[in-house]
Amino acid sequence: MKIKETIMLTIGALAFLLITGIAKADDKKITPKEFATSISEVPTKVSNFVQNEVSKTKEYQTKVWADQKVKNAEMWNKLKSLFKGSNDS
């Protein structure tokens, strides 16, 4: 066996050991009380999530629309100056 083959075999074995050794789950038992509590919190969590997303979307749209309004005004002024300049000559 050549050194190159030995190195490749070692790397392959190491990769196999790392892949199979890392994924270990914790055995946590969930009590009925914890389950009921987590289920009862779902509507509140969903509502809070939706409200936060709506708020973030409104802030983003306000910013983007204000920026676009400025850009459109600049573009309109450039177009007006182009057409105005072509009539003068």
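The protein folds into two helices and zero strands. The model described here is a predicted one, and the account below moves from the overall surface to the charged pairs and then to a nonpolar patch.

Taken as a whole, the chain leaves its residues open to the surroundings: of the 89 residues of the protein, 0% count as buried. The accessible surface adds up to about 8900 Å², and carbon and sulfur atoms contribute 66% of that area.

Turning to charged side chains, the count of salt bridges comes to three. It is convenient to take them in sequence order. One of them joins Glu-41 to Lys-45, with an N to O distance of 3.7 Å. This pair satisfies the criterion because a side-chain nitrogen of Lys has to be within 4 Å of a carboxyl oxygen of Glu, and the separation here is 3.7 Å. Both residues belong to helix α2, which spans residues 32–88. Their spacing of four residues places them about one helical turn apart. The two partners fall into separate accessibility classes: Glu-41 is partly exposed, at a relative accessible area of 35%, whereas Lys-45 is exposed, at 52%. Lys-45 is assigned to the exposed class because the cut-off for exposed is over 50% and its relative accessibility is 52%.

Further along helix α2, Glu-53 pairs with Lys-56. The closest N and O atoms of this salt bridge are 3.1 Å apart. Here the spacing is three residues, again about one turn of the helix. Glu-53 is partly exposed, with 31% relative accessible area, and Lys-56 is likewise partly exposed, with 48%.

Another salt bridge links the side chains of Lys-63 and Asp-67, at 3.4 Å from N to O. These residues also sit in helix α2, four residues apart, or about one turn of the helix. Lys-63 counts as exposed, at 54% relative accessibility, while Asp-67 is partly exposed, at 36%.

Nonpolar side chains also appear on the surface. Val-42, Val-46, Phe-49, Val-50 and Val-54 together make up a nonpolar patch. The combined accessible area of these five residues is about 420 Å². Among them, Phe-49 is located in helix α2, the helix that also carries the Glu-53 and Lys-56 pair. With a relative accessibility of 53%, Phe-49 counts as exposed. Phe-49 is therefore eligible for the patch, since membership calls for over 30% relative accessible area and Phe-49 has 53%.

In brief, the picture is of a protein with two helices, with 0% of its residues buried, with three salt bridges, and with a nonpolar patch on the surface that includes Phe-49.

Technical notes. Residues are numbered from 1 along each chain as its sequence is written. This is a predicted model: local features need pLDDT of at least 70, side-chain atom pairs count only at pLDDT 80 or more; totals for chains, interfaces and linings use all residues. Side-chain values use heavy atoms; hydrogens and water are left out. Buried means under 20% relative accessible area, exposed over 50%, partly exposed in between (1.4 Å probe, protein chains only). Accessible areas come from the Shrake-Rupley method with a 1.4 Å probe; for residues, only the protein chains shown count as cover. Patches are made of residues with over 30% relative accessible area and no salt bridge: like charges are joined within 9 Å, nonpolar side chains (Val, Leu, Ile, Met, Phe, Trp, Tyr) within 5 Å.
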